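Q: Please take a close look at one part of this model, the packing of its helices. Say which residues are involved, and then place the rest of what can be described around that part.

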Amino acid sequence: MQFHHHGYVSGDPRVQAVAGVGINRPADLPDEVDVLIVGSGPAGMLAAAQLSQFPGITTRIVERRDGRLAIGQADGIQARSVETFQAFGFAERIIAEAYRITEMAFWKPDPADPSRINRAARAVDDEMGISEFPHLIVNQARVLDYFAEFMANSPTRMSPDYGYEFRGLNVTGEGDYPVTVTLLHTAGPHAGQERVVRAKYVVGADGARSKVRESIGCTLAGDQANHAWGVMDVLAVTDFPDIRLKCAIQGEAGSILLIPREGGHLFRMYVDLGEVDSHDKGAVRNTSIEEIIAKANEIIHPYTLDVRNVAWHSVYEVGHRLTDRFDDVLPDGRGTRTPRVFITGDACHTHSAKAGQGMNVSMQDGFNLAWKLGHVLEGRSPESLLSTYSAERQVIAKNLIDFDKQWSTLMAKKPEEFENPSELEDFYVSTAEFPAGFMTQYAPSRLIAEPAHQGLATGFTIGKRFKSAPVIRVCDTNPLQLGHQAKADGRWRIYVFADAASAGTASAGTAQQETAHGAPVADFAEWITNSPDSPLAATPSGADRDAWFDVKVIYQQDHTGVEIGAVPSAFKPQVGPFKLSYLENVYATDPTADIFELRGLDRGGVVVVVRPDQYVANVLPLTATAELAAFFAPLLRVGASETV
């Protein structure tokens, strides 16, 4: 963590220096904002947290509640989300308080007496080692708390504006703030009064009944499975032996998905309430908690469940719905204008809760959109960048719904309906990478290059998230995960994996550097530092050299074979008002886990470009500087170098 470059810091280094719109930030919602986010759920809060890192952008997030969420309905945190939390600086703390899933048990009718259930199988949660991060269960409200803390500690000192309900909007297309939004005070001295706010962009993160979605003419389309489930978070006394394990329970009377919760006692049960008559008209939603508990006891026979406290419960029918676009531009308007209004999360896609995907996919919606808004508003990128949000995320949501249909259908099956008795657990193991969040792959676009050079880095698939691996930081010899050094600060990452011959080789105490013509890393460093075609040339004058691009080098040697004094200055940028040399971008191979072997990196050297939301955008040879310049050219606004 870098925090002394502006002078000595004696307080909490997580609290960044106030800057830009954070200075004298108005307590009340202003009349004009750059970005107005509606809804403080996971998608909205992550988007706000990312935008809080852009000091010159006025972002406000409104919520109809009068305060923080107390009890969240989502609780499953997939490994990809924990990876994202690492970028926002709270992965370790949330892991410490969460329940960690390491195994899943499968219970089925006892062949000797089908009225009784017994444990039929176990499955390791991450048998293939998909991620170094765990699969967690933690209250959604705590996730939102951590994002709120990150926002409050950011340069913009952002915090949610509670007590505002969205009523409608109008995209006028006129002036600097072309979206007029009408809000209603729901709390405080002005309760019941309307309020008008003008915005440059609006993000609807207001859930499945989204009024923002309605205001831009989007509708959710899909099907209803006509199968109901009761869900309850409870404290109970039970003789069921796996009450602290994630379980799929299939009994003669129906199915249960059991999810232990954080804290050692609380657990969630999704209880099968059976098929719903097509003429039910929602009556099943009136099923009482007593009926849900009775049904659970029927399913887990011969075990019993004595519920002592109910934290929360609900009844829902499985539905799979998706909007055909995630912004306000109609199909016939594509290419004629850029979006002004966006929808994220449940406002775009709804599905069952049993695959644990809702909150996780929603957060990635917010991550995808927020850095793009930040780059456009700050002048880094052209407005056309914003059209990529809907194009990228709509496909991902469709894949999620297709997966969830398979999983929820299997969960609703009766034991005798399975052709293969192990079908459920086999599906759980074979598809583990998808629910973990690692099957997302963006198609080639202006943000994702064609895989012309994919063979140079087979373990960093273009379009998929950057998969971390161990390295050694040369300056202090610390073993680290390379991916964990990328923070949610809105910067592009350029990882330079050096050729076998390159390494700082000057003797200690000299200033000699690898500048000989033909040395691939030295030539690349010279180009990216000094060429007018380099993406770094777009960095505003007066800003630190690494303000927009984080350039790191990873050598094939171990750390004792790298002389940091001989490493090109491109990888040791001068930062802060004192122009201090930042040495923490220089890495060597960990002898216990060679990143070049682990990620299939060509020993001749390779450049891996990673987006601010952690997805691999390009893979290139060290010598392909013209291709790198051509990739970034449409992503960097002309004249951006003059922007302060």
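**Helix packing and its surroundings**

A: Helices α8 and α9 lie roughly antiparallel to each other. The model is predicted, and what follows describes that model. Helix α8 covers residues 387-412 and helix α9 covers residues 423-430; their axes are 10 Å apart and make an angle of about 155°. An angle over 145 degrees counts as roughly antiparallel, and therefore the term applies to α8 and α9. The crossing of α8 with α9 is left-handed.

On the α8 side, the contact is made by F403, Q406, W407, L410 and M411, and these meet E423, L424, F427 and Y428 of α9. Sorted by class, the residues of this contact are seven nonpolar, one polar and one charged.

A second helix pair joins α1 (residues 42-51) to α7 (residues 358-377), with axes that come within 7 Å and cross at roughly 30°. Angles under 35 degrees count as roughly parallel, so α1 is roughly parallel to α7. Their crossing is right-handed.

From α1, the residues in contact are P42, A43, L46, A47, Q50 and L51. Their partners in α7 are M359, S362, M363, G366, F367, A370, W371, L373 and G374. The contact of α1 with α7 counts 11 nonpolar and four polar residues, with no charged residue. In the contact of α8 with α9, by comparison, one residue is charged.

Next come the strands. Three of them form an open sheet in the order β3-β7-β4, and the pairing is antiparallel. Strands β3 (76-77) and β4 (99-101) are the edges, each pairing on one side only. Between β4 and β7 (residues 135-137), which run antiparallel, there are three bridges. Within this pairing, Y99 is opposite I137 of β7.

One residue in another strand can be described singly. L258 belongs to strand β14, which spans residues 254-260. The relative accessible area of L258 is 0%; the limit for buried is under 20%, so L258 is buried. Leaving aside residues up to four places away in sequence, L258 touches F240, D242, I243, L245, K246, C247, F267, R268 and M269. G173 is 85 residues from L258 along the chain, and the C-alpha atoms of the two are separated by 50 Å.

Technical notes. Residues numbered from 1 in each chain as written. Predicted model: local features only at pLDDT ≥ 70, side-chain atom pairs only at ≥ 80, totals over all residues. Heavy atoms only, no water. Axes fitted to C-alpha atoms, helices over the stretch in contact; angles between N-to-C directions. Helix = DSSP H or I, 4+ residues; strand = E, 2+ residues; numbered from the N terminus. Parallel < 35°, antiparallel > 145°, perpendicular 65-115°, else oblique. Left-handed = near helix turned anticlockwise from the far one by under 90°. Contact = heavy atoms within 4.5 Å. Nonpolar A, V, L, I, M, F, W, Y, C, P; charged D, E, K, R; others polar. Pairing = 2+ DSSP bridges. Buried < 20%, exposed > 50% of the residue type's maximum accessible area, 1.4 Å probe, protein only.
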